[in-house]
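Thank you for sending this entry for comment. My notes are set out below as numbered points.

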Amino acid sequence: MADYSDVKISAELNGLFATTIVYSRFTACEGLIADLKSAIHKRRAEHSGLARSNIGGWHSDTKMREWGGDAAQFVADKALAMAKKVTSLDNGDATALDWSLYMWANILPKGGLNKTHLHPGQLWAAVFYVDPGDTADDAGGELILEDPRFPMTHMRLNSLRVMGADGVPQNGETRLRPNVGDLILFPAWLRHSVERYNGTRERISIAMNIDAKPQ
């Protein structure tokens, strides 16, 4: 048998095709939060809401930029600026695109959830947390982001995991427990959901669809 004991091999893990998730937090925002809560509660008192991915909760119409006042416009402006910052064009500045954003409010009571969904026809999705509700470990209500690649590995073997660039096995989903003032931006094609909420205080969030088209 041939002797190959002198052969040396080096290898490294590299992460390719990353999914961009932007996680930011507003601080010193008590006045902003109070104004958003006031606008959202007023709207709920006036409108029965829509049925979308929400189960057991209230989903406003998608015109919150019109009825949400300066507070809603402030959040929309910050989310839009964030999307522009992480979007690029091969042949020019992404800020020159024709950008659009619309937003709506969600209120989840105890037992409410948002089933798995995505946002077709959009570039980015974002969520801002006005009140994450109860934050105990068993309160639920986590935002769940699915890794779009993992159905393939699960089809082969349910327990199969692929090592990440950090040397840690990657899970098929990431669970985020939000805090008040958190703003999370992610690709609109990324499947996501909200775990069943078991807390007693209402969980209030604002969702946004952001798109960009050539002028």
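The points that follow take the chain as a whole, then its two sheets, and then some individual residues.

1. Nature of the model and overall content. The coordinates are those of a predicted model, and the remarks below should be read in that light. The protein chain contains four helices and 11 strands. Its C-alpha trace spans about 85 × 45 × 35 Å along the principal axes.

2. Burial, surface and contacts. The protein chain has 215 residues, of which 42% count as buried. Its accessible surface comes to about 12700 Å², and carbon and sulfur atoms contribute 53% of that area. Among contacts with a separation of 6 or more, 85% are between residues 24 or more positions apart.

3. Charge. The protein chain carries 24 positive and 26 negative side chains. The centres of these two sets lie 5 Å apart.

4. The six-stranded sheet. Six strands make up an open sheet, ordered β1-β9-β6-β11-β4-β3, with antiparallel pairing. Its edge strands are β1 (22-25) and β3 (58-59), each of which pairs on one side only. Within this sheet, β4 (residues 98-108) and β11 (residues 203-213) are joined in the antiparallel sense over 11 bridges. One point of reference for this pairing is W104, whose bridge partner in β11 is A207.

5. Helices on that sheet. Helix α1 (residues 30-46) packs on the sheet and touches β3, β4, β6 (124-131) and β11. The direction of α1 makes about 100° with that of β6. Helix α3 (residues 69-85) lies across β1, β4, β6, β9 (182-187) and β11. Relative to β4, helix α3 runs at about 125°.

6. The five-stranded sheet. A further open sheet has five strands in the order β2-β5-β10-β7-β8, and its pairing is antiparallel. Strands β2 (54-55) and β8 (173-176) stand at the edges; each has a single partner strand, so one side of each has no neighbour in the sheet.

7. Strand β7 and its two partners. Which strands does β7 join through bridges? Strand β7 (residues 143-146) is linked to β10 (residues 192-194) by three bridges, and the two run antiparallel. Four bridges link β7 to β8, again in the antiparallel sense. Residue I144 illustrates both pairings: this residue stands opposite S193 in β10, and its bridge partner in β8 is R175. For L143, the bridge partner in β10 is V194.

8. Residue R44. This arginine lies in helix α1. Is R44 buried or exposed? Neither term applies: with 29% relative accessibility, R44 counts as partly exposed, because that class covers values between the 20% limit for buried and the 50% limit for exposed. Apart from neighbours within four places in sequence, R44 is in contact with W58, I107 and E202. Residue I107 falls within β4 (residues 98-108), and W58 within β3 (58-59). By contrast with these contacts, the C-alpha atoms of R44 and T19 are separated by 35 Å, although the two residues are 25 apart along the chain.

9. Positive phi values. Two residues other than glycine deserve a check of backbone geometry. F17 has phi near 55°, a positive value, and lies in the segment before β1. A28 has phi near 50°, also positive, and is found in the loop between β1 and α1. Why are F17 and A28 classed as exposed? F17 counts as exposed because its relative accessibility is 77%, over the 50% limit. A28 counts as exposed because its relative accessibility is 74%, over that 50% limit as well.

10. Residue P120. This proline lies in the loop between β5 (113-117) and β6. Strand β5 belongs to the five-stranded sheet, whereas β6 belongs to the six-stranded one. P120 counts as exposed because its relative accessibility is 64%, and the limit for that class is 50%. The C-alpha atoms of P120 and L190 are separated by 9.8 Å, with the two residues 70 apart along the chain.

Definitions and conventions
Residues are numbered from 1 along each chain as its sequence is written. This is a predicted model: local features need pLDDT of at least 70, side-chain atom pairs count only at pLDDT 80 or more; totals for chains, interfaces and linings use all residues. Side-chain values use heavy atoms; hydrogens and water are left out. Buried means under 20% relative accessible area, exposed over 50%, partly exposed in between (1.4 Å probe, protein chains only). Contact means heavy atoms within 4.5 Å. Accessible areas come from the Shrake-Rupley method with a 1.4 Å probe; for residues, only the protein chains shown count as cover. Lys and Arg count as positive and Asp and Glu as negative; His and the chain ends are not counted. The place of a charge is taken as NZ of Lys, CZ of Arg, CG of Asp or CD of Glu. Two strands pair if DSSP finds at least two bridges between them. Axes are lines fitted to C-alpha atoms, for helices over the stretch in contact, and angles run from 0 to 180 degrees between N-to-C directions.
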